[in-house]
Amino acid sequence: MLLPSVGKTVQMCSYLGTMAASRQLKSVLIIVPATVMMHWLNELAIWAPGLRRILIHKSGERVGKGPNRSISRQMLRSLDKWLHRSRVERLYEPIDERDLEENGPDSFVGTGIAVVTTFENIRRSTDVWISHDWSYV
């Protein structure tokens, strides 16, 4: 249960991090207003280091450079394939505080995927978003 006025974003991010660390989470879709997307990405980095964080929004693109930030079925399939490979390669991933201190937070990446986007992006490509098997939305 999320408690009122006690950092609901942090509570949700730590929950998702725990689910990812125990491999009970594959992919999660986080739909937020554009004004708080970076806040979510930052909190996920702190509280859910096992989640690969992906921003799907025009603000994540550099003009003329970098990847296209639009969603497609092919992109979601490739993320699923990446996750499967990462989990196979990280069979003995660190799971406790001491391992985190020795190996650093990057050693956890590969246990799940968090896609952060806006309500408008969902509205534009509803068929693509609902065709994916999300662990949580």
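**Strand pairing, two helices and two aromatic pairs**

Start with a single bridge: Ile30 is partnered with Val116 in strand 3. In this predicted model, that bridge belongs to the pairing of strand 1 with strand 3 (residues 112-117), where 5 bridges join the two strands and the direction is parallel. Zooming out, the sheet is an open one of 3 strands, paired in parallel and ordered 1-3-2. Strand 1 and strand 2 sit at the edges with a single partner strand each, so one side of each has no neighbour in the sheet. On average, neighbouring strands are turned by 20° against each other, direction ignored.

Next comes helix 2, which lies across strand 1, strand 2 and strand 3 and runs at about 170° to strand 2. Its buried residues are Met37, Trp40, Leu41, Glu43 and Leu44. Looking down the axis of helix 2, these fall within an arc of 170°, so they line one face of the helix. In an α-helix there are 3.6 residues a turn, so residues three or four places apart point the same way. On the other side of helix 2, Met38 and Ile46 are exposed. The cover over the buried residues of helix 2 includes helix 1 along with strand 1, strand 2 and strand 3.

Helix 1 spans residues 8-21, and its 14 residues reach 20 Å from first C-alpha to last, close to the 20 Å expected at 1.5 Å a residue. Buried here are Thr9, Gln11, Cys13, Leu16, Gly17, Met19 and Ala20. What covers them includes strand 1 (27-31), helix 2 (37-47) and strand 2 (51-56). Just past the end of helix 1, Arg23 adopts a positive phi of about 60°.

Then there are the aromatics, with 2 pairs in the structure. Tyr15 and Tyr136 meet edge-to-face, at 5.9 Å centre to centre and with 80° between the planes. This pair links distant parts of the chain, as Tyr15 is in helix 1 and Tyr136 is in the segment after helix 6 (126-131), 121 residues apart. Tyr15 counts as partly exposed because its relative accessibility is 36%, and Tyr136 counts as partly exposed because its value is 30%. The other pair, Trp129 and Trp134, is stacked, with 6.1 Å centre to centre and 25° between the planes. Both of these Trp residues are buried.

Note on methods: Residues are numbered from 1 along each chain as its sequence is written. This is a predicted model: local features need pLDDT of at least 70, side-chain atom pairs count only at pLDDT 80 or more; totals for chains, interfaces and linings use all residues. Side-chain values use heavy atoms; hydrogens and water are left out. Helices (H or I, at least four residues) and strands (E, at least two) are DSSP runs, numbered from the N terminus. The expected span of a helix is 1.5 Å times one less than its number of residues. Buried means under 20% relative accessible area, exposed over 50%, partly exposed in between (1.4 Å probe, protein chains only). Contact means heavy atoms within 4.5 Å. Two strands pair if DSSP finds at least two bridges between them. Axes are lines fitted to C-alpha atoms, for helices over the stretch in contact, and angles run from 0 to 180 degrees between N-to-C directions. The arc is that of the directions from the helix axis to the C-beta atoms. Rings of Phe, Tyr and Trp (its six-membered ring) pair if their centres lie within 6.5 Å; planes under 30 degrees apart count as stacked, over 60 as edge-to-face and the rest as tilted.
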